[in-house]
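Work through the exercises below with the sequence and the 3D structure at hand. Try each task before reading its solution.

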Amino acid sequence: MPVTPLDDHSQERRPIFYPVVIATVLLTIIGMIGGYLLSERESRKSRDPQPGATSDQASADASAAPALLPVEGACPDQTQKMAHSASAGGVGELSQVLRITTDRGSVVWICQDEAGNLFYHANRGGTEAKWEEGVTALFIPNVRREPDGSYEGTAPQDGTVFSVTPERLLIRKSSGAETVQSAVGN
């Protein structure tokens with residue numbers, strides 16, 4: 001007796017090519033979107049300096065805290081005292097960023113506190129001479145480092161601007177008159 005195979009394929013075969021192509025395209029799109037979102041998340045993490053901070057907080061913190069500059073030891077005791085007064089708001093110990101002696105005998109210090117704030121302090125005759133604020137000495141908080149590398153502060157008493165570089169001290173009165181004192185061997 002001839003054996004006939006069981007024929008349970010009596011239904012008509014449906015083509016599966018199109019559903020497979022559509023599913024493959026959809027899965028590819030979903031995978032690309034997921035990969036893009038993960039890479040953006042990792043990119044944000046690497047730009048965010050503080051774990052858990054949002055990018056808005058990180059950029060606000062970055063603009064609020066100045067970068068610390070290289071320093072060369074502690075600033076004079078008189079400068080430390082002036083910076084820690086209530087009006088100046090110095091934080092921690094002040095370190096010397098720049099020190100010049102001018103051709104007129106004044107010594108100028110640019111000092112930085114532990115928070116990165118800059119201060120100007122000058123005294124006729126240096127640390128060994130008499131320190132009398134407003135007479136032989138001048139202290140200025142809120143000094144800025146300019147793009148050209150100079151340090152600039154404005155005296156609150158009369159608006160005179162003091163600009164310091166390793167080569168000179170430039171004094172610009174509010175009237176516009178300027179005086180330049182050259183730096184001599186330190």
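**Exercise 1: a proline in a strand**

Pro141 touches Ala88, Leu118 and Phe119, leaving aside residues up to four places away in sequence; a contact means heavy atoms within 4.5 Å. The model is predicted: local features need pLDDT of at least 70, side-chain atom pairs count only at pLDDT 80 or more, and totals for chains, interfaces and linings use all residues. Residues are numbered from 1 along each chain as its sequence is written, and side-chain values use heavy atoms, with hydrogens and water left out.

Task: State whether Pro141 is buried or exposed.

Solution. Step 1: buried means under 20% relative accessible area, exposed over 50%, partly exposed in between (1.4 Å probe, protein chains only). Step 2: Pro141 counts as buried because its relative accessibility is 19%.

**Exercise 2: the core**

Task: Find which residues have the most contacts inside the largest nonpolar core.

Solution. Step 1: a nonpolar core is a set of buried Ala, Val, Leu, Ile, Met, Phe, Trp, Tyr and Cys residues joined through side-chain atoms within 4.5 Å. Step 2: the largest such core has 17 residues, and Ile110, Tyr120, Phe162, Val164 and Leu169 have the most contacts inside it. Step 3: a second, separate core of 11 residues includes Ala83, Val107, Trp109 and Trp131.

**Exercise 3: one core residue**

Task: List some residues that Leu169 touches.

Solution. Step 1: leave out residues up to four places away in sequence. Step 2: among the contacts of Leu169 are Ile100, Val108, Tyr120, Phe162 and Val180.
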